[in-house]
Amino acid sequence: MLDLPTRPSADEEWENLLRQWRAQPPAQPRPFFYGRVRARLMSGAAERQLLPAWLRWPSYAVMLGIILLLSGDGAMLRPNGPARQYQLYPAGRPAALPAR
Amino acid sequence: MYSLPLSAAIAHGVLPVAPGPAAYADAELVAQLQGGSEAAFRTLVERYQNRIYRTILALLRNPEEAEDVAQEVFVEVYQTIGRFRGEAALSTWLYRLATSRALKHRQRARAQKRFAYFTSLLGFNNQVLHEPVDASHPQAQLEGQEQLALLLAHIARLPDQQQVAFTLRHEQELSYEEIAAVLNTTVSAVESLLFRARKTLRNHLAHSLRHA
């Protein structure tokens with residue numbers, strides 16, 4: 001009788017592969033990781049301190065827009081289009097044309 | 001962001017009834033951190049940086065991106081520790097932040113790639129599209145690791161939830177209960193995710209090895 005070497009089953013191969021994965025030297029972040037996290041925190045805090053100054057400019061622009069609207073100068077910009085002309089009929093609807 | 005109500009966590013048996021020494025140590029650390037202790041933050045980073053980095057690396061497969069996302073996780077921890085109420089274990093919270101941030105990062109990168117592809121089709125720019133370098137997982141760069149490289153490549157193609165569950169189980173060796181807590185789901189759902197992930201991976205690996 002032949003004495004053939006037994007080939008590992010699919011299950012064994014799968015388990016071996018997972019074992020091989022776990023047996024690898026563990027990956028690590030580069031040295032001084034904490035220092036980089038801290039630097040990132042500090043730069044984030046510095047950006048947040050600058051943010052209110054940035055936020056002032058849009059608020060000034062909005063305030064200027066409100067002042068211009070309330071001052072009445074905006075009326076000059078309104079178009080005098082057909083929509084306004086229909087308001088000349090006192091009854092709201094134009095009278096029908098006489099039949100020829 | 002995942003959330004785990006305390007009552008649901010207890011019902012699912014996610015939280016330990018009697019916390020071990022590690023849980024007590026973490027609770028003390030969180031209390032100090034909430035009090036503004038920088039030393040406590042340093043301890044937390046040094047205690048968890050390898051686990052968080054490895055988890056993210058397994059999901060992104062790029063050391064630079066993994067480091068960047070790991071930094072983001074710890075910055076978020078520092079900024080939001082005041083809202084941490086201890087409803088889940090500290091490690092569970094960290095794994096949630098890490099996996100959700102890694103998946104978001106990957107979605108963003110894929111969207112940018114698609115956008116760049118379409119703009120190049122429409123001729124909006126004349127830049128040559130380079131495929132991002134598929135920086136292999138450092139573990140797979142070693143010689144004679146073809147099967148492992150193949151396994152990692154197929155893991156990266158799994159659906160998000162399956163990928164996270166499989167990585168936490170086989171990379172981080174978390175228990176089913178811990179994975180359920182991280183994914184905010186039940187243990188049976190985790191079993192199902194892992195079953196489907198293993199089935200898909202084994203089929204793909206068998207197919208790839210037959211054609212190799």
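In this predicted model, helix α3(B) passes helix α4(B) in a right-handed crossing. The two helices, α3 (residues 38-60) and α4 (residues 63-80) of chain B, pack with their axes 8 Å apart at an angle of about 140°. That angle makes α3(B) oblique to α4(B). From α3(B), the residues that take part are B:Phe41, B:Val45, B:Gln49, B:Ile52, B:Tyr53, B:Ile56, B:Leu57 and B:Leu60. They meet B:Pro63, B:Glu65, B:Ala66, B:Glu67, B:Val69, B:Ala70, B:Val73, B:Phe74 and B:Tyr78 in α4(B). By class, the contact of α3(B) with α4(B) comprises 14 nonpolar residues, one polar residue and two charged residues.

**Overall composition and confidence**

Chain B contains nine helices and zero strands, and its elements follow the pattern α-α-α-α-α-α-α-α-α along the sequence. Of the 212 residues in chain B, 32% are buried. Among the contacts in chain B with a separation of 6 or more, 65% join residues 24 or more positions apart.

Chain A has three helices and zero strands, in the order α-α-α from the N terminus. In chain A, 3% of the 100 residues are buried.

The mean pLDDT of chain B is 82, with 77% of the residues scoring at least 70. Among the elements of chain B, helix α1 (residues 6-11) has the lowest mean pLDDT, 38, and α8(B) the highest, 96. The pLDDT is below 50 over residues 1-18 of chain B, a stretch that nevertheless has 27 contacts in the model beyond near neighbours in sequence. It is also below 50 over residues 130-134 of chain B, where the model has zero contacts beyond near neighbours in sequence. Where pLDDT is low, the predicted coordinates should not be read in detail.

For chain A, the mean pLDDT is 72, and 49% of the residues reach 70 or more. Helix α3 (residues 82-85) of chain A has the lowest mean pLDDT among the elements of that chain, 52, while helix α1 (residues 10-23) of chain A has the highest, 86. For the complex, the predictor gives an ipTM of 0.73 and a pTM of 0.69.

**Helix α8(B) and its partners**

Helix α8 (residues 176-183) of chain B packs with helix α7 (residues 160-170) of chain B, their axes lying 10 Å apart at an angle of about 140°. The helices α7(B) and α8(B) are therefore oblique to each other, and their crossing is right-handed. On the α7(B) side, B:Gln161, B:Val164, B:Ala165, B:Leu168 and B:Arg169 meet B:Ile179, B:Val182 and B:Leu183 in α8(B). The residues of this contact are six nonpolar, one polar and one charged.

Helix α7(B) is largely enclosed by the rest of the structure, because eight of its 11 residues are buried. The buried residues of α7(B) are B:Gln162, B:Gln163, B:Val164, B:Ala165, B:Phe166, B:Thr167, B:Leu168 and B:Arg169.

Helix α8(B) also packs with helix α5 (residues 90-122) of chain B: the axes come within 8 Å and cross at roughly 55°. This makes α5(B) oblique to α8(B), and α5(B) passes α8(B) in a right-handed crossing. Here B:Thr92, B:Tyr95, B:Arg96 and B:Thr99 in α5(B) meet B:Glu178, B:Ala181 and B:Val182 in α8(B). The contact of α5(B) with α8(B) consists of three nonpolar, two polar and two charged residues. B:Val182 takes part in the contact with α7(B) and in the contact with α5(B).

The residue classes of these helix contacts are set out below.

| Helix contact | Nonpolar | Polar | Charged |
|---|---|---|---|
| α3(B) with α4(B) | 14 residues | one residue | two residues |
| α7(B) with α8(B) | six residues | one residue | one residue |
| α5(B) with α8(B) | three residues | two residues | two residues |

**Contact between the chains**

The contact between the chains takes 21 residues from chain B and 18 residues from chain A. On the side of chain B that touches chain A, α3, α4 and α6 (146-156) of chain B each supply at least two residues. The largest share of that side, eight residues, comes from α3(B). By class, the side of chain B that touches chain A has 10 nonpolar, six polar and five charged residues. Helix α3(B) thus contributes to the side that touches chain A and also packs with α4(B).

Methods
Residues are numbered from 1 along each chain as its sequence is written. Chains are lettered from A and ligands numbered from 1 in the order in which they are written. This is a predicted model: local features need pLDDT of at least 70, side-chain atom pairs count only at pLDDT 80 or more; totals for chains, interfaces and linings use all residues. Axes are lines fitted to C-alpha atoms, for helices over the stretch in contact, and angles run from 0 to 180 degrees between N-to-C directions. Helices (H or I, at least four residues) and strands (E, at least two) are DSSP runs, numbered from the N terminus. Angles under 35 degrees count as roughly parallel, over 145 as roughly antiparallel, 65 to 115 as roughly perpendicular and the rest as oblique. A crossing is left-handed if the near helix is turned anticlockwise from the far one by less than a right angle, and right-handed if clockwise. Two residues are in contact if their C-beta atoms, placed from the backbone, lie within 7 Å. Ala, Val, Leu, Ile, Met, Phe, Trp, Tyr, Cys and Pro count as nonpolar, Asp, Glu, Lys and Arg as charged, and the others, Gly among them, as polar. A residue is buried if 20 or more other C-beta atoms lie within 10 Å of its own, exposed if 12 or fewer, and partly exposed in between; C-beta atoms are placed from the backbone. pLDDT is the predictor's confidence in each residue, from 0 to 100.
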